[in-house]
Amino acid sequence: MMKLIRQLFILAAIFTLGLQSGKAAGWPANYKGVMLQGFYWDSYKAEDDTKWATLTKRADELSQYFKLIWIPNSARANGENGGGNGYMPIYWFTNHNCAYGTAAELKTMISTYKEKGVGFIEDVVVNHRVGVTRPYDFPRESWNGQTWQLTDGAICSTDEMWSEGGQGCPYKKGNPDTGEDFGGARDLDHTNTTVQNHVKNYCKFLLDDMGYVGFRLDMVKGYGGQYTKIYNQYSKPQFCVGEYFDSSYDAVAAWIEATGRESAAFDFPFKYAVNEAFSANDMTKLSWAAQYITPQPAGLIHYGYAQYAVTFVDNHDTYRDGSKFTGNVVAANAFMLCSPGTPCVFYPHYQAYKKEIQALINVRNQVGVHNMSPVTVLRLERDCYMAEVTGTNGKLVVKIGSSMAAPDGYTNAQIKCSGNGYCVWATTSGGVTPSTPDDTDYPSVLYMQGHVNGYEWSTSKGISKAGQKGVYTWEDVTIDNGENGYGFISFATKLGSDWDTVNANHRYGASSENQLLQKGQSQGVVKYVGGMDASSCKSWKIKAGTYNVRLDLGSMQVSLTEPSAVNEVEADDDETVEYYNLQGIRVENPTRGVYIRVKGRKTEKVAL
């Protein structure tokens, strides 16, 4: 039966191919933009993170990489500080002062980004609503010369309010719900023409008065997809994406069809395929067979719905509901950003791995990858997903996994992005070379913690080292015997009186617990984000002894070498070469002595 349903969807996709020219309002065909989820759960509590005024300050940076930004419902809702995360809405038309900022700050943010070519998508919550003081006393509002107020007749007859008692409602007035029930608020009856008129005009208000370019529709499982078609055909958003929270390709595709392809959908099948691939360490899970024959990237993007698929690795809900992605975040984002569909980057991922994600977006943009780009899967094994993606300005090949395989016809000189578990090659027309972001986000100082110099994992003691272009070199470090002749280390950006203080900031560690790091060896480094997963930072296991340790955050590699190795070199008067004394202080005109020489990404200890 499931196979038959899938085949019917394929036939429907072929029959409606003409819609993919962009005629439907749901999402543009061949769209090249990358989207940012500009918040996370309770991020309004952070003063300098995702509030409207803060995002406005970051417009110059974010507009370089993102063409759409999804923000929470901006209308006042039920919750702390003016509505919390916004998912229990009270007002629609008149009060857009919320926990993230004032209506004036919101409009300033939207207009600032609009001048830079970036649009905002609001989290539109119309499945349910709450009253001002009671469950259903919806506010009386005015807009466009009309008065707007829903009554208890707008509530579904199957809503739990009718059985709770004490609500002042003698009998059920609405029709049964057309979708799943939401127990936290009053489910709206979308068969009711008054409700439909309110929602249609609320959507139009958001576009015309507030300046949004589109919608992220919350909990679309709660009402029939046919109503989204009604609302979008009336209000005409440039972009619309629904949250149909389900891992089933067939279920999400069916909802898109129910809207008449007037809306895209978040690619939950993609998200869960990524979760499965990385948790099982099996990269074959990143590909599904289109029409049961041709391998393609997993998810809605694998056949028929790439135009209408908004892909993501995590969002505000999955990050906290047990389906949080716990694998290699950058590699997962590389897979997403080097595949069709419209990628939606999660704000905490961007903040934690800004340099890497910026570089990946740069390559996608330079090659001209869009939401319907053709993909040829070149290799599919447990340790290797490799695919070639064709854009409007060239091609790229993305490899995900531990395999050291390289694609035929590409050279190392064409590697544009690489790191732990991923590599991207690219060729572009006109000799365009994808750019690399600057290094301004590297920590100025890192601390080596663990069994070093007798510190025994002290939270307030570690060996500090100033970095130069993301490279940190510790000379003559003594690794103490912590257990059976081995010591353990990791790196922190801040020390403190307790682990809570240390873990509130970023840490850098191994990809697996007590990973063995040997002399003459390099290994990948994982960034553990402060306040989120820094407490899970894993350590390297090193045989007790004295070493030089080099940490390169550009390549995310750590290496162990013989101590006090000095290279005898002649003084180099090339102005691109920089010299630092052994305390990490730059020396403009070095005299004879021992220095750290930095040239490009090469750092070495030299004697002049």
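**Figure 1. Overall surface and make-up of the predicted model.** The protein exposes about 24,400 Å², and carbon and sulfur atoms supply 47% of that area. The model shown is predicted. There are 608 residues in the protein, of which 56% are buried. Its secondary structure comprises 14 helices and 35 strands. Among contacts with a separation of 6 or more, 67% come from residues 24 or more positions apart.

**Figure 2. A closed barrel of eight strands.** The strand order is 1-2-3-8-9-10-13-14, and the pairing is parallel. From one strand to the next, the twist averages 25°.

**Figure 3. One parallel pair, strands 8 and 9.** Strand 8 covers residues 214-217, and strand 9 covers residues 239-242. The two run parallel and are joined by four bridges. Both strands belong to the closed barrel. Leu217 has Gly242 of strand 9 as its bridge partner.

**Figure 4. Strand 16 and its cover.** Strand 16 spans residues 384-390. Six of its seven residues are buried, so the strand is mostly covered; buried here means under 20% relative accessible area. Strand 16 is joined by bridges to strand 15 and to strand 17.

**Figure 5. The hairpin of strands 15 and 16.** Strand 15 takes in residues 375-381. Six bridges tie strand 15 to strand 16, and the two run antiparallel. Two residues lie between these strands in the hairpin. Across the pair, Val375 stands opposite Val389 of strand 16.

**Figure 6. The hairpin of strands 16 and 17.** Strand 17 holds residues 394-400. Strands 16 and 17 run antiparallel, with six bridges joining them. Three residues make the connection in this hairpin. Met386 faces Lys399 of strand 17 as its opposite residue.

**Figure 7. Asn453 in a loop between two strands.** The loop connects strand 20 (445-450) with strand 21 (463-466). Is Asn453 buried, partly exposed or exposed? Its relative accessible area is 39%, which lies between the 20% and 50% cut-offs, so Asn453 is partly exposed. Setting aside neighbours within four places in sequence, Asn453 is in contact with Ile463, Thr478 and Asp480. Ile463 is ten residues from Asn453 along the chain, and their C-alpha atoms are separated by 8.3 Å.

Key. Residues are numbered from 1 along each chain as its sequence is written. This is a predicted model: local features need pLDDT of at least 70, side-chain atom pairs count only at pLDDT 80 or more; totals for chains, interfaces and linings use all residues. Side-chain values use heavy atoms; hydrogens and water are left out. Buried means under 20% relative accessible area, exposed over 50%, partly exposed in between (1.4 Å probe, protein chains only). Contact means heavy atoms within 4.5 Å. Two strands pair if DSSP finds at least two bridges between them. Axes are lines fitted to C-alpha atoms, for helices over the stretch in contact, and angles run from 0 to 180 degrees between N-to-C directions. Accessible areas come from the Shrake-Rupley method with a 1.4 Å probe; for residues, only the protein chains shown count as cover.
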